[in-house]
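Me: I am new to this structure and would like a close look at one part of it. Could you start with a single loop and then walk me outward from there?

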Amino acid sequence: MERNSGLSALEASRLRASERCCELFMARGTTELTVAEITAVIDVPPRTFHRYFPSKAECVAPLFDWITRRFDEPIVSAPAELPIAELLRAAYRAGLGGEAATRTRTLFPLVFQDDAMWSVFLRKVHAGERALGPALAPRLGLDPESIAARTAAAAVASATRLALEAMVTRGAEPEETYMEIVDAFASGAFRRG
């Protein structure tokens, strides 16, 4: 899998360092490590670490950005005739499922327990929502700038966040929960209420 496609050298280096940080957190089962402990293990000098990441919590941000790009790829590139539910499942699998499923199941409980990293995740979900709107709009026959396109992107981003929260708090299967939440948004629950 090519993670660095289209990235500048600095972005690619930040992503590699972010991946190594996340691998360390998963191996140790905690995010409660000092920057000195992290940099000693991931072989990045402290000064470089601080140049890449303004805070320890920010070390997860490049990985979350990569997940967003992977999530959006099928939405942009899948055949136009692919039903929207299949398209959204493919997007989930590209970013959080498939070969990334083990990382998702291991990393997100740690991020969920770390308030600062959870805040970074929530900020990245919002940024992902803004990126998703223009990718999703043509699939739905919507103007990318319309409130309907923004609402659809918000529903998908929220479904992702809620599914990850359900995985962490209730042990729910994240992909199926994501699809159930997408379906709930799409089914017009507000109209029935």
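Reply: Asp 43 sits in the loop between α2 (35–42) and α3 (46–52). Please keep in mind that this is a predicted model. Asp 43 has a phi near 60 degrees, a positive value in a residue other than glycine. Most residues other than glycine have a negative phi. Asp 43 is also exposed, because its relative accessible area of 69% is over 50%.

From that loop, let us go on to a pair of rings. Tyr 52 and Phe 53 are both buried. How many aromatic pairs are there in the model? The count comes to nine aromatic pairs. Tyr 52 and Phe 53 make up one of them, with ring centres 5.9 Å apart and planes at 75 degrees to each other, an edge-to-face arrangement.

Another pair is formed by Phe 64 and Phe 121: the ring centres are 5.4 Å apart and the planes stand at 75 degrees, so this pair is edge-to-face. Here the two partners come from distant parts of the chain, with Phe 64 in helix α4 and Phe 121 in helix α7 (residues 115–140), 57 residues apart. Both Phe 64 and Phe 121 are buried. They also belong to an aromatic cluster, where Phe 64 and Phe 121 are joined by Phe 108, Phe 112 and Trp 118.

Helix α4 is a good place to stay for a while. How do the axes of helix α1 (residues 9–28) and α4 cross? They come within 7 Å of each other and cross at roughly 105 degrees. That angle lies between 65 and 115 degrees, so α1 counts as roughly perpendicular to α4. On the α1 side of the contact you will find Arg 14, Leu 15, Ser 18, Glu 19 and Cys 22, and on the α4 side Ala 61, Pro 62, Leu 63, Trp 66 and Arg 69. Sorted by character, the residues of this contact are six nonpolar, one polar and three charged.

Further along α4 there is a salt bridge between Arg 70 and Glu 73, whose closest N and O atoms are 3.5 Å apart. Arg 70 and Glu 73 lie three residues apart in helix α4 (residues 61–77), so about one helical turn separates them. Glu 73 counts as partly exposed, because its relative accessibility is 39%.

Val 76 is in helix α4 too. Is Val 76 buried or exposed? Val 76 is exposed, because its relative accessible area of 60% is over the 50% cut-off. Leaving aside its neighbours within four places in sequence, Val 76 is in contact with Ala 135 and Arg 139. There is also a distance to look at between Val 76 and Pro 138: their C-alpha atoms are 8.9 Å apart in space, although 62 residues separate them in sequence.

Now let us return to salt bridges. The model has eight salt bridges by the rule used here. One of them joins Arg 89 and Glu 176, with the closest N and O atoms 2.8 Å apart. This pair links distant parts of the chain, since Arg 89 is in helix α5 (residues 84–95) and Glu 176 is in helix α9 (residues 174–186), 87 residues apart. Glu 176 counts as partly exposed, at 36% relative accessibility.

Another salt bridge brings together the side chains of Glu 165 and Arg 161, at 2.9 Å from N to O. Glu 165 and Arg 161 both lie in helix α8 (residues 147–170), four residues apart, which is about one turn of the helix. Arg 161 is partly exposed, with a relative accessible area of 22%. Elsewhere, salt bridges that share partners join Arg 89, Arg 93, Glu 175 and Glu 176 into one network.

We can finish in another loop. Where does Glu 173 lie? Glu 173 is in the loop between α8 and α9. Its relative accessible area is 32%, so Glu 173 counts as partly exposed. The C-alpha atoms of Glu 173 and Ala 163 are separated by 8.0 Å, and the two residues are ten residues apart along the chain.

Conventions:
Residues numbered from 1 in each chain as written. Predicted model: local features only at pLDDT ≥ 70, side-chain atom pairs only at ≥ 80, totals over all residues. Heavy atoms only, no water. Salt bridge = Lys/Arg side-chain N within 4 Å of Asp/Glu carboxyl O. Helix = DSSP H or I, 4+ residues; strand = E, 2+ residues; numbered from the N terminus. Buried < 20%, exposed > 50% of the residue type's maximum accessible area, 1.4 Å probe, protein only. Phe/Tyr/Trp six-rings, centres within 6.5 Å; stacked < 30°, edge-to-face > 60°. Axes fitted to C-alpha atoms, helices over the stretch in contact; angles between N-to-C directions. Parallel < 35°, antiparallel > 145°, perpendicular 65-115°, else oblique. Contact = heavy atoms within 4.5 Å. Nonpolar A, V, L, I, M, F, W, Y, C, P; charged D, E, K, R; others polar.
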